[in-house]
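Please work through the exercises below with the structure in view. Each task sentence is followed by a solution in steps.

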Amino acid sequence: MRQPHPSLTGGAGGGSPFFNPEVETLSRSEIEALQLERLQKTVRHCMNNEFYRKKFDEAGITPDDIKTLADVRKLPFTTKQDLRETYPFGMACVPIRDCVRLHSSSGTTGNPTVILHTKKDLDEWANQVARNLWMVGLRPDDVFQNSSGYGMFTGGLGFQYGAEKLGMLTVPAAAGNSLRQIKFIKDFGTTAIHAIPSYVTRLYEVMQQEGVDPRRDTKLKVLAIGAEPHSEEQRKRIEEMMGVKAYNSFGMSEMCGPGVGFECPEQNGMHFWEDYYIVEIVNPLEPVPDGEIGELVLTTLCREAMPLLRYRTRDLTRVLGRTCPCGRNHVRIDRMRGRSDDMIVLRGVNIFPIQIEKILMKFPEVGTNYLITLVTEDNNDQMIVEVELNEGTDDFAKLQTLEKEIRHQLGDEILLKPIVKLVAKGSLPVSEGKAVRVVDKRKVYQ
């Protein structure tokens with residue numbers, strides 16, 4: 001048996017459910033006291049940066065005004081646009097010589113967003129990811145396969161360093177090449193995989209084609225899924241296909257990458273690590289009560305290179321609770337309902353793609369690949385929902401009934417009835433990266 005990794009400090013052991021018991025089992029009052037201490041330190045650190053000094057002057061505040069945790073609301077919001085306007089290093093709070101890595105977005109709509117990291121930032125990031133993986137039962141004896149892209153995308157290196165920190169044998173398989181992924185899973189005895197939800201579905205389809213039964217022919221026991229919105233219905237379908245638990249993961253490059261939030265074995269929301277972040281839910285810019293949906297706003301508490309104050313993520317979610325049967329009191333956040341900037345507005349109705357997915361996944365006759373196309377016909381905007389059928393569904397009368405029922409349930413959910421098209425399996429495009437779910441072909445009338 002491989003020996004536990006020497007980095008497992010703070011009392012973590014094979015029988016403990018906590019990677020870092022000292023922090024993970026803090027009471028609510030202890031969490032908030034730690035947050036205030038770190039917030040005050042972070043705000044003072046931000047004064048090393050001209051961007052923040054200007055923001056504070058405009059808001060008429062100083063670091064001395066942050067006396068309670070509630071005072072975080074006095075701080076100005078930061079946005080993706082701020083990162084683009086200060087590209088590349090205008091929001092750094094340490095000299096560039098102290099930074100050891102950067103990650104950036106693709107920059108397809110302008111300057112990319114760049115995030116800098118010091119060595120300590122990377123160490124803390126690895127600790128967050130290791131904490132997540134430990135929480136769902138992974139230990140140094142496990143084999144972790146990462147099917148995320150490496151390079152500028154944070155999912156690859158983020159999970160890689162976290163899995164190594166925990167002490168697992170890691171397989172940096174990277175994205176794509178499903179046949180090779182399956183060979184690695186079988187040959188290396190992979191017990192855990194990190195992948196985006198749509199790719200897990202693709203992997204299972206290839207397994208079926210190759211006659212591989214994940215329950216019989218592999219040692220898989222944990223899936224870490226994230227990076228694209230997915231419904232509870234899709235998660236359950238993934239678990240049924242692969243025969244293992246799939247845990248929802250949340251991360252974003254502006255915060256660090258994966259590691260910000262993760263489900264515990266209770267699967268009743270993602271724990272966001274409040275020793276690293278202050279979590280706010282606002283709508284539109286004011287806090288909302290727990291349980292009400294709003295935009296997720298995050299403030300970093302331990303970052304050296306580029307701390308972000310009240311960063312508007314554009315992700316829509318809600319607080320589910322602040323205690324958990326697992327013994328952790330770090331806030332529990334619901335899965336992301338979508339992004340405020342991904343919302344479809346059709347004939348005055350606000351629709352999120354995940355609402356459509358939730359309905360589609362209720363029907364066992366259809367697969368997990370679907371496409372929403374917005375078109376203009378006779379000067380009227382229309383939605384077309386195409387979804388692939390599972391094999392063996394070819395009775396014409398039953399298909400007509402199925403199509404009508406899907407349309408009816410979608411109408412109840414999104415308050416308008418789209419055109420529903422049931423298409424053959426393999427008809428819709430498949431992406432090795434994040435799934436493309438919406439194509440907007442509407443005409444814009446001036």
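The exercises concern a predicted model and move from the overall fold to single side chains.

**Exercise 1. Determine how many helices and strands the protein has, and judge its compactness from the radius of gyration.**

Solution.
- Step 1. The protein contains twelve helices and 21 strands.
- Step 2. The radius of gyration is 23 Å, while the globule rule gives 22 Å for 446 residues.
- Step 3. These two values are close, so the protein is as compact as a globular protein of that length.
- Step 4. The C-alpha trace spans about 70 × 65 × 40 Å along the principal axes.

**Exercise 2. State what share of the residues is buried, and describe the contacts and the accessible surface.**

Solution.
- Step 1. Buried residues make up 56% of the 446 residues of the protein.
- Step 2. Consider the contacts between residues at least 6 apart in sequence: 66% of them join residues at least 24 apart.
- Step 3. The accessible surface amounts to about 19800 Å², and 50% of this belongs to carbon and sulfur atoms.

**Exercise 3. Give the number of aromatic pairs and classify the pair formed by F51 and Y52.**

Solution.
- Step 1. Ring centres within 6.5 Å make a pair, and by this rule there are six aromatic pairs.
- Step 2. The ring centres of F51 and Y52 are 5.3 Å apart, and their planes stand at 75 degrees.
- Step 3. Planes over 60 degrees apart count as edge-to-face, so the pair of F51 and Y52 is edge-to-face.
- Step 4. Both F51 and Y52 are buried.

**Exercise 4. Identify the rings over which R312 and R437 lie.**

Solution.
- Step 1. R312 places its charged end over the ring of F77, 6.0 Å from the centre of that ring.
- Step 2. R437 lies over the face of Y370, with a distance of 4.3 Å to the ring centre.

**Exercise 5. Establish how many disulfides the structure holds, and explain why C264 and C324 lack such a bond.**

Solution.
- Step 1. A disulfide is a covalent bond between the sulfur atoms of two cysteines.
- Step 2. The cut-off for the two sulfur atoms is 2.5 Å.
- Step 3. For C264, the closest cysteine sulfur is that of C324, at 3.7 Å, which is too far for a bond.
- Step 4. For C324, the closest cysteine sulfur belongs to C326, at 3.5 Å, again too far for a bond.
- Step 5. C264 counts as buried, because its relative accessibility is 0%; C324 is buried as well, with a relative accessible area of 11%.
- Step 6. The structure holds zero disulfides.

How values were computed:
Residues numbered from 1 in each chain as written. Predicted model: local features only at pLDDT ≥ 70, side-chain atom pairs only at ≥ 80, totals over all residues. Heavy atoms only, no water. Phe/Tyr/Trp six-rings, centres within 6.5 Å; stacked < 30°, edge-to-face > 60°. Buried < 20%, exposed > 50% of the residue type's maximum accessible area, 1.4 Å probe, protein only. Lys NZ or Arg CZ within 6 Å of the ring centre and 35° of its normal. Helix = DSSP H or I, 4+ residues; strand = E, 2+ residues; numbered from the N terminus. Rg over C-alpha atoms; globule rule 2.2 N^0.38 Å. Contact = heavy atoms within 4.5 Å. Areas by Shrake-Rupley, 256 points an atom, 1.4 Å probe, with all protein chains shown as cover.
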